Every structure is written in structure tokens, then in C-alpha cells.
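Please open the model in your viewer and keep the sequence panel beside it. The stops below say what to select next and what is to be found there.

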Amino acid sequence: MRDFSSDISDVQRRLGEAESYLAIAENRERFAVLEAEIADPALWDDQDNARKLNTEYANLKDDLDTFDALSEQVGDIEVLHELARDDDDASQEPEIESEIAAVATQLGKLELRSLFTGEHDDTDCIVQINAKDGGVDAQDFSEMLLRMYEKWCERRGFEITLNGVSEGAEAGIMSAEVTISGRYAYGLMTAERGTHRLVRISPFDNQGRRQTSFAAVQVWPLLEDVDLEVDESDIEMQVFRASGAGGQHINKTSSAVRYIHHPTGLVASSQEERSQLQNRERAMGRLKSMIAAKVEEERQAELDAIAGKQAQVGWGSQIRSYVMQPYQMVKDLRTELETANVQGVLDGDIDFLIEGFLQMRRAKSDED
């Protein structure tokens, strides 16, 4: 009978670490409080607060249920292993090995949550994609990235909403803004912030030459109840006809709204609603979130500079290359992770790239 003691000790250690970084003891107390608050019939008198409490309740329940299920599973494995070892029953080895592997996989998913240490990591986010150098190829690449994030959201069960899009003259898009909704949407998407580079034989070049093009991705947390006064004289409002990427579903009225905040250069859009007034409210809420987040980032950068810390790679830095010719490769320039499955990545298989970056960031933070 094979001895699985070291394997079981390893999953026990990892489970103990999960108990710590998920703050299980504290969250059990908070969960009990939330249960009482959610049961209060007057909860929905304040709908915004009710939604916030229900989201917190669902997230804590998910953490606690997952942790408790894994704890029970590890306990069952221990008992099975002890019985099999006492009886010298080698027939139980495949089941024990399979159970340990299953627990290890679930722990890996749970451990991803330990990588989210930012204040807003568990919030929804606003993502902006802008075509940079490369002309029509850059515009086409921007639309490819938009599709990549749509496919990624589909894989994860996240909701993605197109807030606004500016279409390219020949193909692709000049820019797009989306809201991604799901737990840790912002924390995950921070890994995508930066400049993306595409190398391929241009389908828009009659001579079939290789073209390098760039697109920039910016990510902002979608903050709730931002207490921020914005000077109306600093804002330029543009109205346009709402449409999807590629020109689908073009409205006949100019109900979509784009706000440009000149002091910061930030731009926020909304085209989801039929009413221009509702789109203005949504766009202003997003703009305030972005301004507040920018203020926080600048304050943190100042504190880091005082402490002598190196600033994190910003959104303007090149983070990833997508090479389609003369060879096939996607390479993250920060982590050195790479794959030859370019089409898989463009079809939304980017979790390994995102998680690789988050793990690298966590390791650097621990070193500091």
C-alpha cells in the first residue's frame, strides 16, 4: 500500500493557508450578521444598499461553502487513507490518488483569490480599447481584442456590456468601451492593462507585407456611490448614434453619450439605454469612477515614490505580443509565459496569462 501521507499533508497545508487568506473565522461572523440583515423585510427600502449586501452575502457564502466542502473532502481522504493503510489495501490507491488530485485542483482555484489584495479587486470594471500605431491594422487588432475579451467573459460566466464604440473607416474599431461584471473582474483585468502588439501579414496590404500594429487597453474599477464633484466646464459632451462593433443595430436617434474630461483626458461613454438622459447618467457615473480611481492611483504612486518602491508597469507599457507570421506565438513580456496557440488566445483562452501575471505581481509584492 502506497503511503500518501506527504500528499495529504501538502493539501492540509494549502487548506490552512486558504483559511488564513480568506479570513474564514472573521467572515463566518460577518456572514451571520449579513444573514440577519438580509432577512429584514425593510432591506429593500434602500435598493442600492440591498444589492450591495446581497452581493457581499453571495460572495462570502461562496467562499465559506467552498472552504467547508474542501475541508470535509480532505477529512474523508485522511480517513480513507488510514483505513487502507491499516488493512494494507492497495486497491484503494487509485481512489485516494484521484481524490487528492481533485482537491489540489480545487485548492488551485481557491488560491487564485489570494492574489487579489487591492481594495477594488472584487469589483466590476470598465475596459477601454484604443487603436494605436498601425493604421487600419491597429483598428482591426482592436476589434480582435474586443472579441477576445467577449469570449473570455463567456468562458468565465461574466457579463460584458458595450458602453460605446467608434468604428474604423475601413475595418475594425478606433476605440471601444465595455463594462465587465463578475467577481474579481477588475482584479483579473488589471493583468490586461497596457499596450498589446500584433505582428502578421497584413490583410489590408496589397503587397502582402508583414505589419506590426498596436492597441492599448486601460482598465478602471467601477466604483459605487462616488462622492466627487466634477466641474461641468471641464467636461465636453458628445452625442452619437449607438451601434455595436461592425455597425450592427445602429439607432436612428443620437441617444448615445460620450463625456470627455479635459483636465485628465479621461473619456466615458454609454449607449445601452434608449434614453439620452439615462445614458448621460450612466456615462457620468463611469467618468466619476475613473476620475476617483485615477486620483487613488496617483496618490499611491506618490507614496510608493516616497518609500522608494518601483512603480508598477503602467497601461502605456507594452505587455504582450501576438505573432501570427512568420511563426505562431503569443508571449507575455512581463512573465515570459508563451504559447503557440494564438487562435486559442484570441478565442478567449487567456486565464493562464492573467494568472501568471497576478502570481508574479504577488511574488514581487512579497519581496518588497
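With which side chain does the side chain of Thr-190 make a polar contact? Select Thr-190 in this predicted model, and then display Arg-361, whose side chain makes a polar contact with that of Thr-190 at 3.4 Å. Thr-190 sits in the loop that runs between α6 (185–189) and β4 (194–201), and it counts as buried because its relative accessibility is 7%, below the 20% cut-off. If residues up to four places away in sequence are not counted, Thr-190 touches Phe-357, Leu-358 and Arg-361.

**Second stop: a buried arginine**

Move next to strand β9 (residues 318–323) and select Arg-320, which is found in that strand. Is Arg-320 buried or exposed? Arg-320 has a relative accessible area of 0%, and is therefore buried. Its side chain makes a polar contact with the side chain of Glu-192 at 2.7 Å, and a polar contact with the side chain of Tyr-322 at 3.1 Å.

Showing the surroundings of Arg-320, with neighbours within four places in sequence left aside, brings up contacts that include Met-148, Ala-191, Thr-195, His-196, Asp-332 and Leu-353. To see how distant parts of the chain come together here, draw a line from the C-alpha of Arg-320 to that of Leu-198: the two residues are 122 residues apart in sequence, and their C-alpha atoms are 8.7 Å apart in space.

**Third stop: the nonpolar cores**

From Arg-320, go on to Tyr-322, with whose side chain Arg-320 makes the polar contact at 3.1 Å. Tyr-322 is one of the residues with the most contacts inside the largest nonpolar core, and Val-127, Leu-145, Trp-152 and Ile-180 are listed with it. How many residues does this largest nonpolar core have? The core has 42 residues, and the elements that give two or more residues to it are β1 (125–131), α5 (135–156), β3 (173–181), α6, β5 (210–221), α8 (342–346) and α9 (351–367). Colour α5 separately, since this helix gives the most to the core, with 8 residues.

Around Tyr-322 itself, leaving aside neighbours within four places in sequence, the contacts include Phe-141, Leu-145, Met-148, Val-199, Met-329, Val-345 and Leu-346. A second, separate core is made of 24 residues, and Leu-53, Leu-60, Leu-64 and Phe-67 are among them. In soluble globular proteins, nonpolar side chains tend to be buried together.

**Fourth stop: salt bridges**

The structure holds 28 salt bridges, of which a few can be picked out in turn. Begin with Arg-28 and Asp-68, whose side chains meet in a salt bridge at 2.6 Å, N to O. Because Arg-28 lies in helix α2 (residues 24–38) and Asp-68 in helix α3 (residues 47–87), the pair ties together parts that are 40 residues apart in sequence. Arg-28 is partly exposed, with a relative accessible area of 36%, and Asp-68 is partly exposed too, at 32%.

Now select Arg-156 and Asp-351, which form a salt bridge with the closest N and O atoms 3.0 Å apart. Here Arg-156 lies in helix α5 and Asp-351 in helix α9, so this pair ties together parts that are 195 residues apart in sequence. Arg-156 counts as partly exposed at 30% relative accessibility, and Asp-351 is partly exposed with a relative accessible area of 23%.

A salt bridge within one helix can be found at Glu-298 and Lys-294, where the closest N and O atoms are 3.8 Å apart. These two residues are separated by about one helical turn, because they are 4 residues apart in helix α7 (residues 276–307). After this pair, select Asp-62, Asp-63, Arg-113 and Arg-183 together, which are joined into one network by salt bridges that share partners.

**Last stop: a pocket**

Finish by turning on the surface and looking for the second largest pocket, which has a volume of about 1,600 Å³. Which residues are closest to the centre of this pocket? Of the 46 residues that line it, the closest to its centre are Thr-55, Thr-123, Asp-124, Leu-222 and Glu-224. To follow the wall of the second largest pocket, colour α3, β2 (159–167), β3 and α7, each of which supplies at least two residues of the lining.

Note on methods:
Residues numbered from 1 in each chain as written. Predicted model: local features only at pLDDT ≥ 70, side-chain atom pairs only at ≥ 80, totals over all residues. Heavy atoms only, no water. Buried < 20%, exposed > 50% of the residue type's maximum accessible area, 1.4 Å probe, protein only. Polar contact = N/O pair within 3.5 Å; in protein donor to acceptor, adjacent residues only side chain to side chain. Contact = heavy atoms within 4.5 Å. Core = buried A, V, L, I, M, F, W, Y, C linked by side-chain atoms within 4.5 Å. Salt bridge = Lys/Arg side-chain N within 4 Å of Asp/Glu carboxyl O. 1 Å grid on protein atoms, 1.4 Å probe; cavity = no way out; pocket = protein on both sides within 12 Å on 5 of 7 lines; lining within 4 Å. Points joined across faces, edges and corners; volume = space filled by probe spheres on them.
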